[in-house]
Amino acid sequence: RQADGRKVLRSSIREFLCSEAMFHLGIPTTRAGTCVTSDSTVIRDIFYDGNPKSEKCTVVLRIASTFLRFGSFEIFKPPDEYTGRKGPSVNRNDIRIRMLDYVIGTFYPEIQEAYSDNTIQRNAAFFKEITKRTARLVAEWQCVGFCHGVLNTDNMSIVGLTIDYGPFGFMDRYDPEHICNASDNTGRYAYNKQPEICKWNLGKLAEALVPELPLEISELILEEEYDAEFEKHYLQKMRKKLGLIQLELEEDSKLVSELLETMHLSGGDFTNIFYLLSSFSVDFDPSRLEDYLEKLTSQCASLEELKVAFKPQMDPRQLSMMLMLAQSNPQLFALIGTKANINKELERIEQFSKLQQLTADDLLSRNKRHWKEWLEKYRVRLQKEVESLSNADTWNTDRVKVMNSNNPKYILRNYIAQNAIEAAENGDYSEVRNVLKLLENPFQEAEDFREVKEDAEEEGATATAAACVQETRSRLPYCSKPPLWASELSVT
C-alpha cells in the first residue's frame with residue numbers, strides 16, 4: 001500500500017492455500033508453486049483503522065498458462081466521453097491486434113484453425129468461448145459458496161481461470177447477500193452479484209475489442225450465451241450435488257431455490273448441509289427421520305450466532321433521528337449511506353429485535369419445520385428417480401457416489417486459514433502443511449496429520465506461542481461450522 005511492491009505472509013498463505021483448494025475442487029484456477037518467507041518486514045495498516053503492524057515479506061510463485069486479463073485489453077481504450085479517462089496505450093491498435101492474435105493463436109488454437117481466413121468470425125468465436133468459460137466458472141463458484149471479493153476487469157482471466165486471490169472467502173452460513181470483502185461497502189461483489197458482475201466485465205472486454213470485433217456482434221453473443229450457459233451449468237452441478245442423476249426435470253430449478261431459501265431461513269451451513277444430504281434416504285422411517293433432522297439442524301445457526309450476525313451496525317435511535325431529518329433535507333442521506341444500505345440496516349434492526357423474543361427451543365422447532373417441509377419435496381423428487389429404474393439399490397449407490405464427489409467435506413474456511421496464519425506468523429508452518437494436505441482431498445475423510453507435524457518439528461519450525469494459539473483455537477474438526485470467534489474475522 002506504500003507502493004513498496006511487497007506482499008506479506010498473511011495474504012500469501014491465504015492465496016497459496018486457496019488456489020490449491022480451488023484446483024482440487026475441480027475449479028479452473030491459477031496454481032501455487034511455492035511460498036517463500038523473508039525476515040524482512042513492512043508496516044501494514046491491515047484494516048485502515050490507524051493500527052499498523054509489522055508483517056513479514058513473502059513471495060508466492062503463481063502458475064498459469066497466461067496472466068493476461070480482460071483489463072489487459074483496456075490499456076488501449078480511447079478517452080471516456082464523460083470522465084475523460086483513457087488507457088495508457090491509447091491508439092496503439094497495432095499492439096492490441098498482436099495481443100489478440102497471440103491470445104487466440106496460443107490459447108484457443110482450434111478457433112484460430114477454424115477461422116484462419118476470417119478475422120471477425122475468429123474474434124467472435126473467441127469472445128463466445130470466453131463468455132461461456134466465464135459463465136461456467138462463476139457457476140462453479142456459486143455451487144461451492146466461493147466469493148472472490150474484487151471482481152473488476154483486471155481480476156478476470158482471458159482464459160477463464162480464477163485469478164488474484166485477495167479478500168476472498170468461502171461462505172459459511174448461507175446468505176445470498178454475503179459480502180466477503182469488508183471494504184466492499186456497497187455489496188458490488190456480494191455472493192449473489194457475482195454472475196451479474198462477471199457478465200458486466202465481459203461487456204467491458206467487448207468494448208475493448210472494438211474495432212477488431214464490432215460491438216453489435218459481441219453484445220449479441222453476450223446476451224444469447226452468458227445467462228443460458230450459466231443457468232445450464234449451475235443446474236447441472238446442483239443436480240449432481242442433490243444426487244439427481246437419472247432425470248432432468250423442469251421442477252429441479254424450483255427444488256434448488258427452495259433448498260437455498262430453507263438454508264437462508266434456518267441459517268444453514270452451506271457446505272455441511274449439502275454434505276449431509278447424501279445420507280438422506282427415500283424410505284426413512286419416522287424415528288430415523290427425526291435423528292436426521294437433528295443432524296441437519298445442528299448445522300444451522302444458533303441463536304447466539306444469529307444475534308452476532310444481525311447485530312445492528314448503527315444505534316437504532318440515531319438512525320431513526322437521521323431518517324427523520326433526511327425527510328426535510330435529502331442530502332443527509334449521503335451521510336448515512338445509500339438507500340439500499342439504510343434499508344438493509346432497518347431489516348437488520350427488525351431481525352435483531354425478533355431474535356430477542358426467540359428462545360433456543362423456538363428456533364430449533366422452527367428450523368425442524370422448515371427442513372421437514374423441504375425434505376418431503378426432496379423425497380418426492382428422489383422417488384421419481386426410483387420409479388424410472390429397475391434397480392433402486394444400484395441407483396442409490398451411484399447417487400451417493402456422485403453427491404460425495406460434488407459436495408466437499410472440507411473448504412478453506414476463514415477460521416481455518418486464520419489458525420494457519422497465526423501459527424506461521426509465530427514460526428510454525430506445520431498447520432499450513434496440514435491444511436494444504438487436507439484441501440488436496442476435499443471430498444474425503446481427513447487422514448492423520450501427525451506425520452506432517454513431526455516433519456515440521458524435525459525442521460525446528462514449531463514455536464511455543466504458535467502452539468498456544470493452536471491449542472485454544474483448533475479443538476474443532478476441520479469440517480465444523482465456524483466457532484463464534486470467527487464472526488469477528490475481517491478480510492479487506
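Which domains does the domain assignment of the protein chain give? Here are a few notes to read alongside the structure, which is a predicted model.

1. **Domains.** The assignment lists domain 1 (1–66 + 409–446 + 485–491), domain 2 (70–238) and domain 3 (307–357). Domain 1 is thus written as three segments of the chain, while domain 2 and domain 3 are each given as one. If you would like a distance to orient yourself, the C-alpha centres of domain 1 and domain 3 are 35 Å apart.

2. **The largest core.** The largest nonpolar core holds 102 residues, and the members that touch the most others are Phe127, Leu242, Leu277, Tyr378 and Leu412. Helix H4 (residues 119–144) supplies 12 residues, the largest share of this core. Both domain 1 (1–66 + 409–446 + 485–491) and domain 2 (70–238) contribute residues, so the core lies between these two domains.

3. **Phe127 up close.** This is a nice residue to click on. Leaving aside residues up to four places away in sequence, Phe127 touches Leu202, Leu205, Ala206, Leu209 and Leu213, and also Ser218, Ile221 and Leu222.

4. **A second core.** There is also a separate core, made of 6 residues. Among them are Ala301, Leu303, Leu355 and Leu358.

5. **The sheet.** In what order do the strands of the open sheet of 3 strands run? The order is S1-S3-S2, and the pairing is antiparallel. Strand S1 (7–8) and strand S2 (31–44) are at the edges with a single partner strand each, so each has one side without a neighbour in the sheet.

6. **Strand pairing.** S2 and strand S3 (residues 53–63) are joined over 9 bridges in the antiparallel sense. To follow this register by eye, look for Thr41, whose bridge partner in S3 is Lys56, and for Val42, whose bridge partner in S3 is Glu55. S1 and S3 also pair in the antiparallel sense, over 2 bridges; here Val8 has Cys57 of S3 as its bridge partner.

7. **A helix on the sheet.** Which helix packs on the sheet, touching S1, S2 and S3? That is helix H1 (residues 9–24), and its direction makes about 165° with that of S2.

Note on methods
Residues numbered from 1 in each chain as written. Predicted model: local features only at pLDDT ≥ 70, side-chain atom pairs only at ≥ 80, totals over all residues. Heavy atoms only, no water. Core = buried A, V, L, I, M, F, W, Y, C linked by side-chain atoms within 4.5 Å. Buried < 20%, exposed > 50% of the residue type's maximum accessible area, 1.4 Å probe, protein only. Helix = DSSP H or I, 4+ residues; strand = E, 2+ residues; numbered from the N terminus. Domains from an automatic or database assignment. Contact = heavy atoms within 4.5 Å. Pairing = 2+ DSSP bridges. Axes fitted to C-alpha atoms, helices over the stretch in contact; angles between N-to-C directions.
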